[in-house]
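Student: Please take a close look at the side-chain pairs in this model, charged and aromatic. I would like to know where the partners sit and how far they are shielded from solvent.

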Amino acid sequence: MTSSAPRPLPVVLAGARGHGRWHLANIRRLAEEGRVRLAGVCELAPLTDGELDGLGDPEQSTDLAALLERTGARVAVICTPIHTHADLALTAAERGVHVLLEKPPAPSYAEFERMADGVRAAGVACQIGFQSLGSHAVTAIRDLVADGAIGTVRGIGAAGAWTRDRAYWSRAPWAGRRRLDGRDVVDGVLTNPLAHAVATALRIDGGDRAEDVAGIELELYRANDIESDDTSCARIRTVRGDGTRGEITAAVTLCAERPGEPYVVVHGTEGRITFWYKEDRVRLERRGREPETTEHARTDLLHNLLDHLAGGTELLVPPERTGAFMRLVEAVRTAPEPRPLPPDAWRAEPGAAGGSARRVVPGIDALVAEGAGRLALYSELAALPETAGQAGWAATAATAATAGEGSGR
């Protein structure tokens with residue numbers, strides 16, 4: 001008797017446009033491998049035949065609960081507005097459906113706990129969509145550190161210099177908002193577009209659980225006419241379960257002059273390790289040796305979830321491994337409103353090829369790199385002669401910084 005191949009698992013995708021298009025393409029890839037079939041799509045407007053090319057004729061609805069029940073879905077991929085994440089994850093969990101939930105998992109720590117507790121009680125698997133944590137480079141870097149390749153770690157920097165234009169902030173009612181209709185959203189640069197920089201640094205540090213966070217300092221700014229921050233920095237101090245301590249400083253912006261690839265850099269007494277996490281590329285620099293650059297494979301998080309369901313493979317990003325990141329989200333949520341940068345601190349640039357205009361903060365690219373390189377906040381860099389011109393707007397930040405607020409220790 002010959003055994004038949006496992007039947008593809010039925011999957012429902014909630015939120016198939018915007019970033020959801022990436023998930024749609026990923027489901028198509030896994031469907032071609034025979035791992036899944038797209039059973040349903042939950043969207044406000046039905047997808048067209050062109051959007052569903054190669055994915056059959058899935059059922060479509062605006063009601064996720066009914067869609068999950070009718071399709072018999074085993075997995076729900078949720079890529080919807082931030083403030084809907086917890087409710088939709090629980091909608092799936094209560095029906096016995098496993099979840100891949102986009103980051104950030106929730107807009108507040110209370111919502112995160114409600115979601116995580118509900119998923120645990122339902123006995124379903126939940127993976128949080130920090131794709132960078134599927135990179136095999138993360139383990140390789142931790143092994144290098146454990147082997148003493150760069151001596152004693154002094155701290156970890158995270159840097160991200162991206163741009164977002166006016167259309168990005170107007171694409172949806174929740175974009176760039178701290179709250180919407182009385183609900184937390186917290187769509188800022190640290191918590192959403194460049195959240196991977198922080199989450200990746202925390203995983204490399206080994207202090208990525210909520211109880212590992214000992215303190216948080218924040219400086220939140222905005223050049224754009226939005227509620228949330230678009231140019232910010234944070235310092236997170238960790239105390240891991242074995243009593244060792246860590247420090248992470250993240251400097252990020254969506255107002256870069258020349259956008260580049262974000263990265264995490266581990267500073268040691270004898271060298272440093274730089275990780276461009278979107279490219280899975282690592283550079284090891286040590287005293288007296290030539291730099292070594294390596295490229296690494298990556299495990300897709302939905303693929304990992306499927307392997308977990310099929311054979312018990314350990315989940316790469318369960319909710320508890322994002323608890324420290326959620327402490328940062330909570331600190332941003334409860335911090336004072338981001339400080340608007342003065343008009344002379346930014347300039348407007350027309351969009352390329354007919355695109356919408358964007359705001360640029362002169363000198364911010366260098367300041368972001370300095371923050372990650374020196375493990376310094378913007379206000380601390382403003383006091384240094386060589387960076388004072390780049391961070392004049394941060395000169396008063398020391399009195400506005402929310403030291404320790406929301407640290408949750």
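Tutor: What follows sets out the background of the model first, then the salt bridges, then the rings, and ends with one strand residue.

The model is predicted. Its mean pLDDT is 94, and 94% of the residues reach 70 or more. The exception to keep in mind is the stretch 398-409, where pLDDT stays under 50. For those residues the model still has 33 contacts beyond four places in sequence, and at that pLDDT they should be read with caution.

As for the frame that carries the pairs, the chain has 12 helices and 19 strands. Its radius of gyration is 22 Å, close to the 22 Å that the globule rule gives for 409 residues, so the chain is as compact as a globular protein of that length. The C-alpha trace spans about 75 × 50 × 40 Å along the principal axes. Of the 409 residues, 55% are buried. Among contacts with a separation of 6 or more, 70% are between residues 24 or more positions apart.

Now the charged pairs. The salt bridges number 33. One of them joins aspartate 205 and arginine 240, with N and O at 2.7 Å. Aspartate 205 belongs to helix H7 (residues 195-205), while arginine 240 is in the loop between strand E11 (231-239) and strand E12 (245-253), so the bridge ties together parts that are 35 residues apart in sequence. The cut-off for buried is under 20% relative accessible area. Aspartate 205, at 8%, is therefore buried, and arginine 240, at 18%, is therefore buried as well.

A second salt bridge runs between glutamate 279 and arginine 281, whose closest N and O atoms are 2.6 Å apart. Here the relative accessibility is 36% for glutamate 279, which makes this residue partly exposed. Arginine 281, at 24%, is also partly exposed.

Aspartate 280 forms a salt bridge too, with arginine 298, at 3.0 Å from N to O. This pair links distant parts of the chain, 18 residues apart: aspartate 280 is in the loop between strand E14 (271-276) and strand E15 (281-286), and arginine 298 is in the loop between strand E16 (292-295) and helix H8 (301-311). The two ends differ in burial class, since aspartate 280 has 10% relative accessibility and counts as buried, whereas arginine 298 has 33% and counts as partly exposed. Elsewhere, salt bridges with shared partners join Glu217, Arg235, Arg237, Glu247 and Glu380 into one network.

The rings come next, with five aromatic pairs. In one of them, phenylalanine 130 and phenylalanine 325 have ring centres 5.0 Å apart and planes at 75°, so the pair is edge-to-face. Phenylalanine 130 is in the loop between strand E6 (126-128) and helix H5 (136-146), and phenylalanine 325 is in helix H9 (residues 323-334), so this pair ties together parts that are 195 residues apart in sequence. Both phenylalanines, 130 and 325, are buried.

Another pair, tyrosine 263 with tryptophan 276, has centres 6.3 Å apart and planes at 50°, so the geometry is tilted. Tyrosine 263 is in strand E13 (residues 263-268) and tryptophan 276 in strand E14, and the pair links distant parts of the chain, 13 residues apart. Tryptophan 276 is buried, at 13% relative accessibility.

Charges also sit over rings. Arginine 327 lies over the face of tyrosine 109, 4.0 Å from the ring centre. The charged end of arginine 359 sits over the ring of tryptophan 346, at 4.0 Å from its centre.

Last, the strand residue. Valine 153 is in strand E7 (residues 153-161) and is partly exposed, at 34% relative accessibility. Leaving aside residues up to four places away in sequence, valine 153 touches Val145, Val266, His267 and Gly268. From valine 153 to threonine 299 the C-alpha distance is 27 Å, over 146 residues of sequence.

Technical notes:
Residues are numbered from 1 along each chain as its sequence is written. This is a predicted model: local features need pLDDT of at least 70, side-chain atom pairs count only at pLDDT 80 or more; totals for chains, interfaces and linings use all residues. Side-chain values use heavy atoms; hydrogens and water are left out. pLDDT is the predictor's confidence in each residue, from 0 to 100. Contact means heavy atoms within 4.5 Å. A salt bridge is a side-chain nitrogen of Lys or Arg within 4 Å of a carboxyl oxygen of Asp or Glu. Helices (H or I, at least four residues) and strands (E, at least two) are DSSP runs, numbered from the N terminus. Buried means under 20% relative accessible area, exposed over 50%, partly exposed in between (1.4 Å probe, protein chains only). Rings of Phe, Tyr and Trp (its six-membered ring) pair if their centres lie within 6.5 Å; planes under 30 degrees apart count as stacked, over 60 as edge-to-face and the rest as tilted. A charge sits over a ring if NZ of Lys or CZ of Arg is within 6 Å of the ring centre and within 35 degrees of the ring normal. The radius of gyration is taken over C-alpha atoms; the globule rule is 2.2 Å times the number of residues to the power 0.38.
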